[in-house]
Amino acid sequence: MSKVVGIASGRKYENYRKWILQMPEVEVIDLNYADNNGSLIKQCHGLVLTGGEDVHPRFYNKPEYVERYGLDDFDEQRDEFELKLLEDSYHLKLPVLGICRGLQIANVFFGGTLIPDIPSFGKPSHTKYEEGRDRYHSVKILKNTFLESLAGSGGEVNSAHHQGVDVPAGELKVNCLSADGIIEGMEWQEGNGKPYLLLVQWHPERMTHSESRLSKNIRDSFIKSLQVSSVL
């Protein structure tokens with residue numbers, strides 16, 4: 001029986017679909033509010049949260065950030081839909097992989113807050129270059145973390161975001177940092193007995209070096225964690 005991955009649909013859904021389907025005996029379901037199909041999470045063995053729009057600051061009790069930082073790239077219906085997917089996944093004990101925006105909305109779901117615009121908080125830009133190419137920078141993986149067991153001490157990752165984690169949620173711990181101190185990854189504070197959860201700020205699905213441990217090992221470990229018997 002195939003493992004079924006629910007992918008929260010975003011602007012570049014096809015990138016994630018192709019990346020996941022490189023693994024054998026895997027199927028994907030496109031989960032999106034336009035189709036009102038969130039109930040299909042019960043047919044999935046795991047959830048991938050993808051990149052895209054900003055998470056609206058009202059979901060982490062900072063609505064004033066919209067005007068203060070001139071924010072305008074939102075999809076509040078998507079926010080609400082994915083927060084419900086996270087709630088259902090949490091109760092179903094499904095593995096979750098969060099990528100870029102996926103890290104951000106997961107942190108919000110568990111009670112953390114976000115930096116609405118990284119340069120405005122005194123950090124260098126982490127967005128794409130003007131010609132659309134991803135920026136690349138080094139990251140340091142913290143010792144004694146699950147991510148370290150997958151990818152070692154660090155390496156080069158791509159970068160295409162202007163928001164990031166400000167205050168990490170209490171249930172989560174930081175596992176990876178950029179040289180300028182931006183949080184690049186999180187996982188469970190205490191993972192014993194909990195389902196797989198890995199959140200990364202970069203885009204492993206489109207890294208230049210697809211065999212990098214910071215891409216391939218993340219995908220492979222997520223798929224390996226899926227349990228077919230978990231579907232209801």
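**Entry 1: the end of helix 4**

I began just after helix 4, where G111 takes a positive phi of about 110°. I noted at the outset that this is a predicted model, and I read each value below as computed from it.

I then looked at helix 4 itself. I found that 8 of its 9 residues are buried, so helix 4 is largely enclosed by the rest of the structure. I listed the buried residues as R101, G102, L103, Q104, I105, A106, N107 and V108.

I also checked what precedes helix 4. C100 is found in the loop between strand 4 and helix 4. I recorded for C100 a positive phi of about 55°, although C100 is not a glycine. I took C100 as buried because its relative accessible area is 6%, and the limit for buried is under 20%.

**Entry 2: helix 3**

I turned next to helix 3, residues 76-92. I compared its length with expectation: at 1.5 Å a residue, its 17 residues should span 24 Å, and the end C-alpha atoms are 24 Å apart, which agrees.

I noted the buried residues of helix 3 as R78, D79, F81, E82, L83, L85, L86, D88 and S89. What covers these residues? I found that the cover includes strand 1 (3-8), strand 2 (26-31), strand 3 (46-49), strand 4 (96-99) and helix 4.

At the far end, helix 3 is followed by K93, and the phi of K93 is positive, near 60°.

**Entry 3: how helix 3 meets helix 4**

Two packed helices are described by the angle between their axes and the distance between the axes. I looked up both values for this pair. Helix 3 and helix 4 (residues 101-109) pack at an angle of about 70°, and their axes are 10 Å apart. That makes helix 3 roughly perpendicular to helix 4. I recorded the crossing of the two helices as right-handed.

Which residues make the contact? From helix 3 I listed R78, D79, E82, L83, L86, E87 and Y90, and from helix 4 I listed R101, I105, A106 and F109. I sorted the residues of this contact into 6 nonpolar, no polar and 5 charged.

**Entry 4: E25, on the way to strand 2**

I looked at the loop between helix 1 (13-20) and strand 2, which is the place of E25. Is E25 buried or exposed? I found E25 exposed, with a relative accessible area of 64%. I also noted that the phi of E25 is near 55°, a positive value in a residue other than glycine.

**Entry 5: V139 and L214**

I located V139 in strand 6 (residues 135-141). V139 is buried, with a relative accessible area of 6%. Not counting residues up to four places away in sequence, V139 touches S153, G154, G155, V157, C176, L177, S178, E184 and L214. I looked up one of these partners further: E184 lies 45 residues from V139 along the chain, and their C-alpha atoms are separated by 7.4 Å.

I followed the contact with L214 to the other side. The place of L214 is in the loop between strand 11 (197-200) and helix 6. L214 is buried, with a relative accessible area of 3%. Leaving aside neighbours within four places in sequence, I found L214 in contact with V139, I141, A151, G154, G155, E156, V157, W202, P204 and M207.

I also looked up the separation between L214 and E27. The two are 187 residues apart along the chain, and 23 Å separates their C-alpha atoms.

**Entry 6: helix 6**

After the loop that holds L214, I examined helix 6. I found that 7 of the 10 residues of helix 6 (residues 216-225) are buried, so helix 6 is largely enclosed by the rest of the structure. I entered the buried ones as I218, R219, D220, S221, F222, I223 and S225.

**Entry 7: G181**

I closed with G181, which is found in the loop between strand 9 (172-178) and strand 10 (183-188). I noted G181 as partly exposed, with a relative accessible area of 41%. How far apart are G181 and K123 in sequence and in space? I found them 58 residues apart in sequence and 8.3 Å apart in space, C-alpha to C-alpha.

Key: Residues are numbered from 1 along each chain as its sequence is written. This is a predicted model: local features need pLDDT of at least 70, side-chain atom pairs count only at pLDDT 80 or more; totals for chains, interfaces and linings use all residues. Side-chain values use heavy atoms; hydrogens and water are left out. Axes are lines fitted to C-alpha atoms, for helices over the stretch in contact, and angles run from 0 to 180 degrees between N-to-C directions. Helices (H or I, at least four residues) and strands (E, at least two) are DSSP runs, numbered from the N terminus. Angles under 35 degrees count as roughly parallel, over 145 as roughly antiparallel, 65 to 115 as roughly perpendicular and the rest as oblique. A crossing is left-handed if the near helix is turned anticlockwise from the far one by less than a right angle, and right-handed if clockwise. Contact means heavy atoms within 4.5 Å. Ala, Val, Leu, Ile, Met, Phe, Trp, Tyr, Cys and Pro count as nonpolar, Asp, Glu, Lys and Arg as charged, and the others, Gly among them, as polar. Buried means under 20% relative accessible area, exposed over 50%, partly exposed in between (1.4 Å probe, protein chains only). The expected span of a helix is 1.5 Å times one less than its number of residues.
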